[in-house]
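Here is a short briefing to read with the structure open beside you. It walks through the sheets, the helix packing and the pockets in turn.

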Amino acid sequence: MTSPLAAQLTSVSMVYSTNVGEVRALNEISISFNKSESLAIVGRSGCGKSTLISILALVRSPTSGSVIIDGASMESAPEAVKAQMRSEKIGIIFQAFHLDGASTAVENVMLPWLFSRRKTSKKIARLRAVELLDRCGLGDLVDRRPREMSGGQRQRVAIARSLMNDPALLIADEPTGSLDEDTAEMIARTLTAVPKDSNTSVVIVTHDRDVAAMADRSIRLAKGCIEGEIS
């Protein structure tokens, strides 16, 4: 049976050892990430947001607690399995766009296809990349290179790229942090529209309350704990 959840964190804690003792970055965090839903995570710098998304993206393993991605437990999964999950089940968008400057928009979007085990033909992959760019409002810019685009256009290319392998989970880490207010709103609307067209769960980590308000749900993180859901 297919899981209704894209991901789930249960009683996740992260403790770091330092010269002055232990630092608890996360404390018994439990969150369910529903498919076809957007969730915003807000909080001040140092509240644990970066640690949380690094665990959710399978970049770090928690000190304790369980991580489940698309129904599969990652608790004792070897690194090769985690790498495969990152490639096929998780899309990530950063504040910095991380596009290949020498490649066109459509070539950038196709990059995840190159590393996926679920190989389709290059022709089909290109058609999907063009379709994703069109969904993101960039159908007329498929052959442009990043230097020929605005910041908002580059970020939408990054969004299209993150969707190339049809991930269960899309993590956007401060995706509007380097954009002006109008462009930030456009990017937020693009991201929160993704679950309406797919089973993808979109997680937006942001300082911007206006961006968070566009998500289906919002939670506030403080001192490594969930402080509450924002209404």
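In which sense do strand 3 and strand 8 pair, and over how many bridges? Strand 3 (residues 38-42) and strand 8 (residues 201-206) run in the parallel sense, and 5 bridges join them. Please keep in mind that this is a predicted model.

**The sheet of 6 strands**

- Strand 3 and strand 8 sit side by side in an open sheet of 6 strands, whose order is 6-7-8-3-9-10 and whose pairing is mixed.
- The edges of this sheet are taken by strand 6 and strand 10, each of which pairs on one side only.
- On average, neighbouring strands here are turned by 20° against each other, with direction ignored.
- To find the pairing of strand 3 and strand 8 on your screen, look for Ala40, which stands opposite Ile204 in strand 8.
- At the other contact to look up, strand 9 (residues 217-222) pairs with strand 10 (residues 225-229) in the antiparallel sense over 4 bridges.
- Arg220 has Gly228 in strand 10 as its bridge partner.
- Strand 9 and strand 10 form a hairpin with 2 residues between the strands, and Lys223 takes a positive phi near 50° there.

**The sheet of 4 strands**

- A further open sheet holds 4 strands in the order 2-1-4-5, and its pairing is antiparallel.
- Strand 2 (21-34) and strand 5 (72-73) are at the edges with a single partner strand each, so one side of each has no neighbour in the sheet.
- Strand 5 pairs with strand 4 (residues 64-69) over 2 bridges in the antiparallel sense.
- In this pairing, Ile68 stands opposite Ser73 in strand 5.

As background for both sheets, strands pair through backbone hydrogen bonds, either parallel or antiparallel.

**Helix packing**

- Helix 5 packs against helix 6 (residues 181-193) at an angle of about 15°, and their axes are 10 Å apart.
- That angle is under 35 degrees, so helix 5 is roughly parallel to helix 6.
- The crossing of helix 5 and helix 6 is right-handed.
- Helix 3 and helix 4 (residues 122-135) pack at about 120°, with their axes 9 Å apart.
- Helix 3 and helix 4 are therefore oblique to each other.
- Helix 3 also passes helix 4 in a right-handed crossing.

**The largest pocket**

- The largest pocket holds about 400 Å³ of space.
- Its lining is made of 15 residues, and those closest to the centre are Arg86, Ile90, Ile92, Pro112 and Arg161.
- Two or more lining residues come from each of helix 2 (79-88), strand 6 (90-93), helix 3 (105-115) and helix 5 (151-162).
- Strand 6, then, is both an edge strand of the sheet of 6 strands and a contributor to this lining.
- By class, the lining has 7 nonpolar, 5 polar and 3 charged residues.

**The second largest pocket**

- For the second largest pocket, the volume is about 230 Å³.
- There are 14 lining residues, and Val42, Gly43, Arg44, Arg220 and Leu221 lie nearest the centre.
- Arg220 is thus a residue you have met already, as the bridge partner of Gly228.
- Strand 9 gives the largest share of this lining, with 3 residues.
- The lining residues divide into 4 nonpolar, 5 polar and 5 charged.

Terms used: Residues are numbered from 1 along each chain as its sequence is written. This is a predicted model: local features need pLDDT of at least 70, side-chain atom pairs count only at pLDDT 80 or more; totals for chains, interfaces and linings use all residues. Side-chain values use heavy atoms; hydrogens and water are left out. On a 1 Å grid over the protein atoms alone, a cavity is a set of points where a 1.4 Å probe fits but cannot get out, and a pocket is an open set with protein on both sides within 12 Å along at least five of seven lines; lining residues have an atom within 4 Å of a point. Grid points are joined across faces, edges and corners, and a volume is the space filled by probe spheres set on the points. Ala, Val, Leu, Ile, Met, Phe, Trp, Tyr, Cys and Pro count as nonpolar, Asp, Glu, Lys and Arg as charged, and the others, Gly among them, as polar. Two strands pair if DSSP finds at least two bridges between them. Axes are lines fitted to C-alpha atoms, for helices over the stretch in contact, and angles run from 0 to 180 degrees between N-to-C directions. Angles under 35 degrees count as roughly parallel, over 145 as roughly antiparallel, 65 to 115 as roughly perpendicular and the rest as oblique. A crossing is left-handed if the near helix is turned anticlockwise from the far one by less than a right angle, and right-handed if clockwise.
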